[in-house]
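Reader: Hi! I have a model open on my screen and would love some company while I look around. Could you walk me through it?

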Amino acid sequence: MTTTTSPQEVLAVADQALGVLSGLPSRAVAGASREEWCAALAALQQVVDVATAVQDETIVAVAALEPQWAEDGTLVEVREPFGHVALDAPAIVSGVLNVSAVHAERRVRDAVRRAADGAEGSASCTGLGGLHAAMRQGRLDGYPAQVVAYELEEVPAPVAETVVASLQEWFEVEDGSHLRRRTRRLLARISPDLLRQRAVRAREASGLRRWVDEPGVDTWLGTFPSEEACTAWAAIDALAQQYVADGVCPRIDRARAKALTDLVTGNATIDVQVVLTTPADPGAAPASAEDGRVIGLAVTADDLSDGAAAGFAITAADPSENAAAEVAGRAATDLVQVDTGRAGEPLLVERGWLDRAVAATAVTGRDRLGRPRILPCDNGTGAPVDPDEDLTTSAYRPSPRLAAFVRARDRHCRFPGCTVAARYCDLDHVRPFPAGPTSAANLACLCRRHHRIKQRPGWRAVLHPDATMTWTDPTGRTRTSHPPDQLHPIALPDAGTDPPPPEPGNPSLALPDGPHSTLEHHLEHTDPAGTWTCRVHITRPRTPMTLDALPRHARRRPRLRQDDRPPF
């Protein structure tokens with residue numbers, strides 16, 4: 001017999017569970033054994049697994065609701081069959097769960113594939129219902145379930161169902177990486193053609209992506225055909241080994257990163273240009289001490305290049321002599337914030353690199369596309385403003401200068417949590433044309449998906465004069481999208497208090513069994529009690545073994561100094 005539930009019942013159970021768990025005392029019970037705490041940990045993990053499965057079912061219910069206009073002009077919600085995904089379902093889920101647009105789309109897709117597995121032969125049949133059932137029983141966590149589902153994404157439903165059934169006995173004893181390898185071995189036995197087709201598609205889809213990670217560094221993620229990766233890695237590693245031998249870099253991983261960038265930039269011509277930003281209202285009180293000295297990367301290679309040359313632009317404000325002298329008096333190793341013309345977080349670069357870029361390029365006049373190099377910005381949000389509204393047009397399509405200005409202001413899709421670059425976005429009239437003018441105050445960058453979502457019933461967007469954008473979804477939740485701040489950068493001065501880097505070739509770190517990672521070093525050489533330090537030996541004795549009963553080589557190790565650092 002099929003049973004159903006209502007959102008009120010789910011909400012009541014969730015509130016009850018939340019009240020019980022949040023009411024537990026936060027202090028541990030003295031005298032409890034490790035086995036007892038591990039049993040409690042396993043039980044809580046089962047609660048998380050079951051709650052994730054119920055959340056999947058709830059997402060399926062949300063995604064199946066489609067808003068439609070009735071004949072009398074009222075807005076009604078129509079329940080589509082489970083497995084249907086409304087266009088704006090991920091956008092609504094992103095607001096409820098406070099996650100990015102990409103994460104919400106992935107979350108909805110995974111929930112529908114697992115929890116909305118239909119009958120065999122139906123359009124909604126995915127063969128992944130066994131994953132959801134195991135989660136419902138508290139036997140499988142959401143991450144390994146996602147890993148297995150990803151491996152079976154383009155596999156026919158009967159094959160996927162066979163693989164999931166074969167994995168049932170491993171759900172409670174193996175982690176995601178082991179389940180991934182086991183899934184691929186099963187596919188290789190059941191249908192090797194499917195695995196080969198996936199490998200061919202993966203090789204064709206190989207590429208390179210980049211985003212800001214830790215302060216001052218970028219992260220690159222590249223996927224390459226294996227034979228190309230082998231030859232490229234050999235060239236990078238050979239140059240990196242030379243850098244380590246010459247003392248250019250103290251660590252091999254840092255040397256490989258430098259070798260990669262040196263090999264790339266050594267075969268390209270880079271064009272660096274400067275754009276100045278200044279407060280739109282110079283008489284207003286500055287919002288930060290860095291006002292008038294803003295730095296950022298603004299223009300992309302496609303905007304600057306006639307051919308194969310690459311380039312970008314640096315944005316700096318207030319070209320007065322006083323500001324220039326103040327900047328020149330700072331340390332070249334100061335870290336200053338910069339912005340890029342692509343979507344993403346601001347970067348941190350050394351001031352010396354910035355000064356060299358400023359000295360190497362002109363900072364007055366206009367660029368070859370006619371864009372001004374003096375760019376006024378809103379004093380509060382730091383978003384570029386349209387000077388004297390000279391870019392406004394009475395036509396529906398914006399002029400090239402207006403389009404370039406809006407894209408430079410927004411940098412990416414203005415839906416909250418969406419990071420699609422502005423170059424791939426539509427320029428949307430926030431208030432529909434002709435009621436809304438074709439001006440910077442009424443244009444915003446929206447990717448095609450969120451452009452369509454904005455036009456669906458129940459959605460409302462408002463672009464404010466300071467370039468912030470407020471979104472209201474059909475459930476009444478309101479979120480605000482902020483433009484990139486190009487006027488108030490972060491500056492991290494070099495006060496000379498940074499700890500010295502580890503000395504290359506330190507004899508105390510030349511361990512006989514090779515270099516170790518930071519984690520291995522701390523596990524093997526850090527003793528909170530300060531009594532003894534030795535390599536950790538894992539043994540499985542039949543009877544409890546004391547320290548005195550250990551072999552002599554296992555309990556006697558030379559101590560290292562407290563200021564020792566791991567090799568890398």
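Author: Happy to! A salt bridge here is a side-chain nitrogen of Lys or Arg within 4 Å of a carboxyl oxygen of Asp or Glu. Keep in mind that this is a predicted model.

Reader: Good to know. With that rule, how many salt bridges does a search of the whole structure find?

Author: The search finds 24 salt bridges. One of them joins the side chains of Arg107 and Asp56, at 2.5 Å from N to O. Arg107 sits in helix α4 and Asp56 in helix α2, so this pair links distant parts of the chain, 51 residues apart.

Reader: Nice. Are Arg107 and Asp56 buried or exposed?

Author: Both Arg107 and Asp56 are buried.

Reader: And what does Glu57 meet in a salt bridge?

Author: The side chain of Glu57 meets that of Arg136, with 2.9 Å from N to O. Arg136 belongs to helix α5 and Glu57 to helix α2, so the salt bridge ties together parts that are 79 residues apart in sequence.

Reader: Is Glu57 buried, exposed or partly exposed?

Author: Glu57 counts as partly exposed because its relative accessibility is 27%. Arg136 is partly exposed too, at 39%.

Reader: Got another one for me?

Author: Sure. Glu151 forms a salt bridge with Arg180, and their closest N and O atoms are 3.5 Å apart. This pair also links distant parts of the chain: Glu151 is in helix α6 (residues 142-151) and Arg180 in helix α8 (residues 176-190), 29 residues apart. Glu151 counts as buried at 3% relative accessibility, while Arg180 is partly exposed at 26%.

Reader: Which residues do shared salt-bridge partners join into one network with Glu151?

Author: Arg180, Arg184 and Arg198 are joined with Glu151 into one network.

Reader: Changing topic: what is the volume of the second largest pocket?

Author: The second largest pocket has a volume of about 1,800 Å³. It is lined by 50 residues, and the closest to its centre are Val10, Val54, Glu57, Thr58 and Ile59. You met Glu57 a moment ago, in the salt bridge with Arg136.

Reader: Which element gives the largest share of that pocket's lining?

Author: Helix α2 does, with 12 residues. The elements that supply at least two residues each include α1 (7-22), β1 (65-69) and α5 (129-136). By class, the lining divides into 31 nonpolar, 11 polar and eight charged residues.

Reader: What about closed cavities: how many of 30 Å³ or more are there?

Author: The count comes to two. The largest cavity holds about 50 Å³ of space. Phe415, Trp459, Trp471, Asp473, Arg477, Thr478 and Arg479 line it, which makes three nonpolar, one polar and three charged residues by class.

Reader: And which residues line the second largest cavity?

Author: Its lining is Leu87, Pro90, Ala91, Ala101, Glu105, Arg449, His450 and Ile453. About 40 Å³ of space lies in this second largest cavity. Helix α16 gives the most to the lining, with three residues. The classes there are five nonpolar, one polar and two charged.

Reader: Let's talk backbone. What kind of peptide bond joins Phe433 and Pro434?

Author: That one is cis, with omega at about 10°. Pro434 lies in the loop between β11 (426-429) and β12 (443-446).

Reader: Why point that out?

Author: Because most peptide bonds are trans. Likewise, most residues other than glycine have a negative phi.

Reader: Which residue other than glycine has a positive phi near 55°?

Author: That is Asn98, in the loop between α3 and α4 (101-115). Asn98 is exposed, with a relative accessible area of 65%. Ala467 has a positive phi as well, of about 75°. Ala467 is in the loop between β13 (460-463) and β14 (469-472), and it is buried, with a relative accessible area of 6%.

Reader: Last one: which residues make the nonpolar surface patch of about 490 Å²?

Author: Leu208, Trp220, Phe224, Leu260 and Val264 make that patch. Leu208 lies in strand β3 (residues 207-212) and counts as exposed, because its relative accessibility is 52%.

Reader: Thanks, that was fun!

Technical notes:
Residues are numbered from 1 along each chain as its sequence is written. This is a predicted model: local features need pLDDT of at least 70, side-chain atom pairs count only at pLDDT 80 or more; totals for chains, interfaces and linings use all residues. Side-chain values use heavy atoms; hydrogens and water are left out. Patches are made of residues with over 30% relative accessible area and no salt bridge: like charges are joined within 9 Å, nonpolar side chains (Val, Leu, Ile, Met, Phe, Trp, Tyr) within 5 Å. Accessible areas come from the Shrake-Rupley method with a 1.4 Å probe; for residues, only the protein chains shown count as cover. Helices (H or I, at least four residues) and strands (E, at least two) are DSSP runs, numbered from the N terminus. Buried means under 20% relative accessible area, exposed over 50%, partly exposed in between (1.4 Å probe, protein chains only). On a 1 Å grid over the protein atoms alone, a cavity is a set of points where a 1.4 Å probe fits but cannot get out, and a pocket is an open set with protein on both sides within 12 Å along at least five of seven lines; lining residues have an atom within 4 Å of a point. Grid points are joined across faces, edges and corners, and a volume is the space filled by probe spheres set on the points. Ala, Val, Leu, Ile, Met, Phe, Trp, Tyr, Cys and Pro count as nonpolar, Asp, Glu, Lys and Arg as charged, and the others, Gly among them, as polar.
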